[in-house]
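Visitor: I have a structure to go through. Could you guide me around its helices and strands?

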Amino acid sequence: MSRRFWGSLALTVPLLTASLSGPVQLALASPVVLWGGWPLLKRGWESIVRRSFNMFTLIALGIGTAYGYSLMAVLSPPQEVPVYFEAAAVITTLVLLGQLLELRARSQTSSAIQGLLGLAPKTARLVGQDQAEREVPLSELRPGDRLRVRPGERIPADGVVLEGTGSVDESMVSGEPIPVEKGPGARVTGGTLNGTGSLLIQADRVGEESLLAQMARLVSEAQGGRVPIQRVADTVCAYFVPAVLMIALLTFAVWASIGPSPRMAYALLNAVAVLIIACPCALGLATPMSIMVGVGRGARAGILIREAEAIQLLERVDTLIVDKTGTLTEGRPRLISVVPSAGVPQRQLLQIAASLERGSEHPLAAAIVAGAQEKGAALAEVRDFRSVTGQGVLGTVEGRPAALGNPSLMDSLGVATNGLAGVAEGLRHEGQTVVFVAEEGRLIGLIGVADPLKPSAAEAMASLRRQGIDLVMVTGDHLTTAQAVGRRLGLDRLYAGVTPGEKGEIVKRLQAEGRRVAMAGDGINDAPALAQADVGIAMGNGTDVAVESARVILVKGDLRGVAKAIRLSRAVMRNIRQNLFFAFAYNGLGIPIAAGALYPFFGLLLNPMIASAAMSLSSLSVIGNALRLRTEALSDG
C-alpha cells in the first residue's frame, strides 16, 4: 500500500501543477487509477457483485465515473469536452493515503501483543545436574529445567524460586510499577524483570503454556472481536450506501436538467463529490479502532478482556458480587487463636486439632496444621478418619475418639458448646473462622483461623463505590465472620453460608431485580456464578489466564483491577460513541454540501478532490480519537 501511494503521488503532482493535454493526462492518470487504485476498485466491484455495499462501493463508483467519463472524452472527438483525470488521480491518491495511515494505526494498536511477546528473552541460562551453566534458546526449555536469572535479566519462563532472593518488576502483568520481593517458594512469571539478586528457578510452564503466551493470544482474539454497538454501524451501512447512490443519481439528474452551463460537467462533478464525501470510512473505523486500542490498554494494566462484547456489558454493570476467600482475602488462612477449655493444655488441643486436619482437604486445614507445628505440637496417628461435608472431620487420635468442626457437627455428636459460645462469637466479630474441637464426647477448646484481607481490598471497594457500583459479598463462611469483613469494607449486602451452586442463584435473583451484575471470583468453585453473571471476572493467580467461565481476567488477582476494568470499559464506550458521532455528523453535513445545497445561496460547490481530502481527514479524526485511549488513566485521580 505504501508503494502504491508514493507511486500514485509522483504521477498525480504533475496533473495538478501543469497544464497538460488530454492524452498526457490520460497517460499519467491511468497508472494511478488502474495500478495504484486497483485494490480499491477490486473491493468495490466485489461489493457490487455480492450486493454487499460498503465504503469501497462508493469509492470505486466515484473514481470509475470520473476516470471513465474523461477516457470517453479523450477517445471520442471532438476533444473539447472537459476531462477530470486529475480528480480521479487525486481521489485515488488521497484514499490510498487514508488506507496507509489506517494500516499504520492498526499496526500501532497491535503493539500490545508485540510488546508482550517482546518481553520474553531469546535465551535462558540452563543449570545442569553438575551445576554447570550454559545458555540455550528459549525453544529448548522443558518443564522441570532449572534456570539461573541474574540481576537485570528477564525471567525466561514461569516457575518457582528454588534459591536466592530478588526484587522483580511485574508491571507487565499487574500494571503496578513497584517491584515485588521474591524468595524460595515464590512464583515468578516469564518476561518479568529481575532487578536485584540472583535467582535459581525451576520452570513449570514454557513456550505456548506460559502466562506471556496466553496473554498475547487472548489480547489478539479480543482485538478482533465485535461489540453489540457495532451492529448499529453495520445496520446503518446496509441502508446508507444504497441511499447515497440514489442521492448521487438525483444530484446528477437535477444538475443535468436545471443546472447552469456546462450542465453535464456540473452534474458529473457534484455526483462524484456526493459519492466520495459520503464514503463511510470513518463509520467503519469508529468501533474496531477503539476496541483494538482499548483491549491493548487493558493488557498493559493486567486486565485481559477475552471477548470484546464484555467491554460494552461491563460499562452497564451496576452491581459487583465478590467471593471472600481468595478474592477479598489473600486465600492463605493463618492460625490466629487457640482457646482451650478449662483444664486442657493448649498443646493437647493443638495436637488433636492438627492431627485430625492433616487428613482434610479443607482450605483451613493447612493453616491449622502449619500453625500447630510452629507452636511445637507433635502430630499423632489418626484412625477411622471421616469427613462430614460442610461440618467437619472425625477420627480416633491415640485411641480416643475426637472431632473438629462447626456447631452443627458438635450438636450431632451431643457435645455442648455453650461454655465457649461467647468466645467464639467474639472471634467471629473479629473476622475469624471458628472451629470447635471435642475429645471423648466433651468440648476441649476452639481454634480461630483468619484469612487476612488483601492490602488492596479496601482501596478497591472504595474506588468501585465512587463509580456507583453496589458491592455484594457471597461466602460459605459463618454470618458473623462475613459481617466482620463487610463492616471493614463497607459492603452494601452480603450472603453467608452459601454453597458454590447457590452463588449462581444469587446472581439470578439480582438480575431478576433488573441489576446488571458482574461477578469476581477465583474461577474454580465460583464457575457457576461467573458464567451466570452478565460479566464474569476471574481473579488470576499469575500462572493461568485460561479461565473458561470468565470474560475478563485480572492477571494478578488484584481487586483494584475490577475498578480499572470498569473505568476502561466506560472510556472505550465513550470513545466509540464519540467516533460514531463524528462519522454520522460528517456525512450528515457533507452530503448536502456536495450535492450543491449551498450553490443557490452562496454559489459554493464542493470539488470532488476536496471531498476526498475531507473524507480522509474524517477517518484520521476517528483514528486519532481512538488512539487517545492508549494513555487513558485507569486509576483514581
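Visitor: How many bridges join strand 10 to strand 22?

Guide: Keep in mind that this model is predicted. Strand 10 and strand 22 (residues 552-554) run antiparallel. One pairing puts Ile 303 opposite Leu 554 of strand 22. The bridges joining strand 10 to strand 22 number 3.

Visitor: Which strands stand at the edges of the sheet?

Guide: The sheet is open, with 7 strands in the order 10-22-21-20-11-18-19 and mixed pairing. Neighbouring strands are turned by 20° against each other on average, direction ignored. An edge strand has a single partner strand, so one of its sides is left without a neighbour in the sheet. That describes strand 10 (303-305) and strand 19 (493-495).

Visitor: At what angle does helix 22 run to strand 10?

Guide: Helix 22 lies across strands 10, 11, 20, 21 and 22. Its angle to strand 10 is about 50°.

Visitor: And helix 19, at what angle does it run to strand 19?

Guide: Helix 19 (residues 479-489) lies across strand 18 (470-474) and strand 19. To strand 19, helix 19 runs at about 155°.

Visitor: Is helix 18 roughly parallel or roughly antiparallel to helix 22?

Guide: The axes of helix 18 (residues 457-466) and helix 22 (residues 560-595) come within 8 Å and cross at roughly 25°. Angles under 35 degrees count as roughly parallel. Therefore helix 18 is, relative to helix 22, roughly parallel.

Visitor: How many residues of the contact of helix 18 with helix 22 are nonpolar?

Guide: Helix 18 contributes Glu 459, Ala 460, Ser 463 and Leu 464. Helix 22 contributes Arg 560, Val 562, Ala 563, Ile 566 and Arg 567. Of these residues, 3 are charged, 1 is polar and the nonpolar ones number 5.

Definitions and conventions:
Residues numbered from 1 in each chain as written. Predicted model: local features only at pLDDT ≥ 70, side-chain atom pairs only at ≥ 80, totals over all residues. Heavy atoms only, no water. Axes fitted to C-alpha atoms, helices over the stretch in contact; angles between N-to-C directions. Helix = DSSP H or I, 4+ residues; strand = E, 2+ residues; numbered from the N terminus. Parallel < 35°, antiparallel > 145°, perpendicular 65-115°, else oblique. Contact = heavy atoms within 4.5 Å. Nonpolar A, V, L, I, M, F, W, Y, C, P; charged D, E, K, R; others polar. Pairing = 2+ DSSP bridges.
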